[in-house]
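I set out to look through this model and to record what I found, entry by entry. I begin with one short helix and work outwards from there.

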Amino acid sequence: MGLGLAALTKLAGVKAIDRAGLRKPIESLVSSATRGGFKAAGAAGRSFKAIQRRDAPERLATAPDSGLFDLTPSEEQQMIVETVREFAAEQLRPAAAEADAKLTTPDGLLTRAAELGVTLVGIPEELGGVGTERSVVTSALVAEALAHGDLGLAVAVLAPSAVSTALVSWGDAEQQATYLPAFVGENVPAAALALQERAPLFDPFKPGTKARRTPNGYKVDGVKSLVPRASQAELFVISADLEGRGPALFIVESSNAGVSIEGEPAMGLRGAATGKLHLDGVSLPASALLGGGKPEVFAEVVRLSRLGWAALAAGTAKAVLDYVIPYVNERHAFGEPVSHRQGVAFQVADIGIELEGLRLVTLRAAARAEQGKPYAREVALARKLAADKGMKIGSAGVQLLGGHGFVKEHPVERWYRDLRAAGVLEGSVLL
């Protein structure tokens, strides 16, 4: 897709096409290709090979149980969050409008994001990362801080770490040795956790993508939807129904025969450059099965993904609140700030109340997850709040700006569109 667009764009710049009267048709073709995308083979990326053989996989230790539920970040967490929040304000927020309009992640942004070491936090020191124990709370705080800049670009930044986290948590020694070295180098590969499918009332535990055993491994057929940075991704972790026995996770390289990508612009998350991942008779080795196909592994992937979406929703909701407060205080009507009207003040207060509730439940679930405690109930609550209150906060942000909330001059309309994704999408991020 990238090569096709580059060729079309270069052709559109040739002066000779003006003399031939082809300017309009070619510009139309370039625009159409940018929005809909070509269906093309997966990104021709690197060759993943095991660098160092290990006898056993490396896992991050479970965080100690302090016996207290304290939302105060540690000094290290506070430093990380401040750094990420500054990056989001300086890099993501200014680039968000253009990324939304052009349906692409700006060049160089993800390279600068990789320099922050987002993927390194979740990778053990033995494998080249900086992680020493499970850091679900830290990951939630990072996701929240990035989404405060822009939710779509935050998803694009966090997509590779979803794959590296899955490999650390459930990959065997061979899988870790083959794929994880790429995530600790200077050139972190574009990668994605692809669970979503285009189906009414999609249930991640009943994927339409099918995998069947073969003498040499597995053969996979299906289509994954709304995959972040699909056209650039070199590696995917996908879900598929394994011979009717339930969902399982598989590692798929973009270079596998039968892998193709199609553009899929959506209502929101447009900066994440979402696309469809087509799997047409893709042959995978036996070593491609992640987590041994265990149901409990897949259930935890879904829960941690939903937790990630709740954290992202909290970050964007905070952005809405931070934007509308000065607006309603500075906007005058009938000789006074509109914030003096109870109808306005109550809406702003409701945003603050619902936001605090969402953050509280999300961080509680994250704390229980990293300590190895049961957290399914807390994730379900966080998911419900993110779906209902996140969308309500986005709508209120648009409403509080009046006519300004409906135009692209102000970012609240984009945040509203992005927040709707928190209640419907599966996968893409993983804490």
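**Entry 1. Helix H12.** I looked up which residues of H12 are buried, and I found Val412, Glu413, Arg414, Trp415, Arg417, Asp418 and Leu419. The helix is thus mostly covered, with 7 of its 8 residues buried. I noted that the model is a predicted one.

I then asked what covers the buried residues of H12. The cover includes helix H4 (75–102), helix H6 (136–149), H7, H9 and H11.

**Entry 2. H11 against H12.** I took up one of these covering helices, H11, which spans residues 376–400. The axes of H11 and H12 come within 8 Å of each other and cross at roughly 160°. Since angles over 145 degrees count as roughly antiparallel, H11 is roughly antiparallel to H12. I recorded the crossing as left-handed.

I listed the residues that make the contact. On the H11 side they are Gly390, Met391, Gly394, Ser395, Gly397 and Val398. On the H12 side they are Val412, Glu413, Tyr416 and Leu419.

**Entry 3. Val398.** I looked at one residue of this contact in detail. Val398 lies in helix H11. Its relative accessible area is 18%, and because buried means under 20%, Val398 counts as buried. Leaving aside neighbours within four places in sequence, I found Val398 in contact with Gly405, Phe406, Val412, Glu413 and Tyr416. I also noted the spacing to one of these residues: the C-alpha atoms of Val398 and Val412 are separated by 5.8 Å, with the two residues 14 apart along the chain.

**Entry 4. H7 against H9.** Two further helices that cover H12 are H7 and H9, and I looked up how they meet each other. The axes of H7 (residues 151–170) and H9 come within 12 Å and cross at roughly 155°. This angle makes H7 roughly antiparallel to H9. I recorded the crossing of H7 and H9 as right-handed. From H7, the residues that meet H9 are Leu151, Ala154, Val155, Leu158 and Trp170. From H9, I listed Val297, Glu300, Val301, Leu304, Trp309, Leu312 and Thr316 as their counterparts.

**Entry 5. Aromatic pairs.** I counted aromatic pairs next, and the structure holds 3 of them. I examined two, beginning with Phe205 and Phe298. Their ring centres lie 5.6 Å apart and their planes stand at 75°, so I entered the pair as edge-to-face. Phe205 lies in the loop between strand S2 (191–194) and strand S3 (210–214), whereas Phe298 is in helix H9 (residues 295–330), so the pair ties together parts that are 93 residues apart in sequence. Phe205 is partly exposed at a relative accessible area of 35%, while Phe298 is buried at 1%.

The second pair that I examined, Tyr323 and Trp415, is also edge-to-face, at 5.8 Å centre to centre and with 85° between the planes. This pair brought me back to H12: Tyr323 is in helix H9 and Trp415 in helix H12 (residues 412–419), and the two are 92 residues apart. Is each partner buried or partly exposed? Tyr323 counts as partly exposed at 24% relative accessibility, and Trp415 counts as buried at 0%.

**Entry 6. Positive phi.** I turned to the backbone. Most residues other than glycine have a negative phi. I looked up two residues that depart from this.

- Arg229 has a positive phi of about 50° although it is not a glycine. Arg229 lies in the loop between strand S4 (217–227) and strand S5 (235–242), and it counts as buried at 15% relative accessibility.
- Ala273 has a positive phi of about 50° although it is not a glycine. Ala273 is placed in the loop between strand S7 (259–263) and strand S8 (275–285), and it is buried, with a relative accessible area of 15%.

**Entry 7. The whole chain.** I closed with the totals. The protein chain has 12 helices and 11 strands. Of its 431 residues, 53% are buried. Among contacts between residues at least 6 apart in sequence, 77% join residues at least 24 apart. The accessible surface of the chain comes to about 19,400 Å², and 54% of it belongs to carbon and sulfur atoms.

Technical notes:
Residues numbered from 1 in each chain as written. Predicted model: local features only at pLDDT ≥ 70, side-chain atom pairs only at ≥ 80, totals over all residues. Heavy atoms only, no water. Helix = DSSP H or I, 4+ residues; strand = E, 2+ residues; numbered from the N terminus. Buried < 20%, exposed > 50% of the residue type's maximum accessible area, 1.4 Å probe, protein only. Contact = heavy atoms within 4.5 Å. Areas by Shrake-Rupley, 256 points an atom, 1.4 Å probe, with all protein chains shown as cover. Phe/Tyr/Trp six-rings, centres within 6.5 Å; stacked < 30°, edge-to-face > 60°. Axes fitted to C-alpha atoms, helices over the stretch in contact; angles between N-to-C directions. Parallel < 35°, antiparallel > 145°, perpendicular 65-115°, else oblique. Left-handed = near helix turned anticlockwise from the far one by under 90°.
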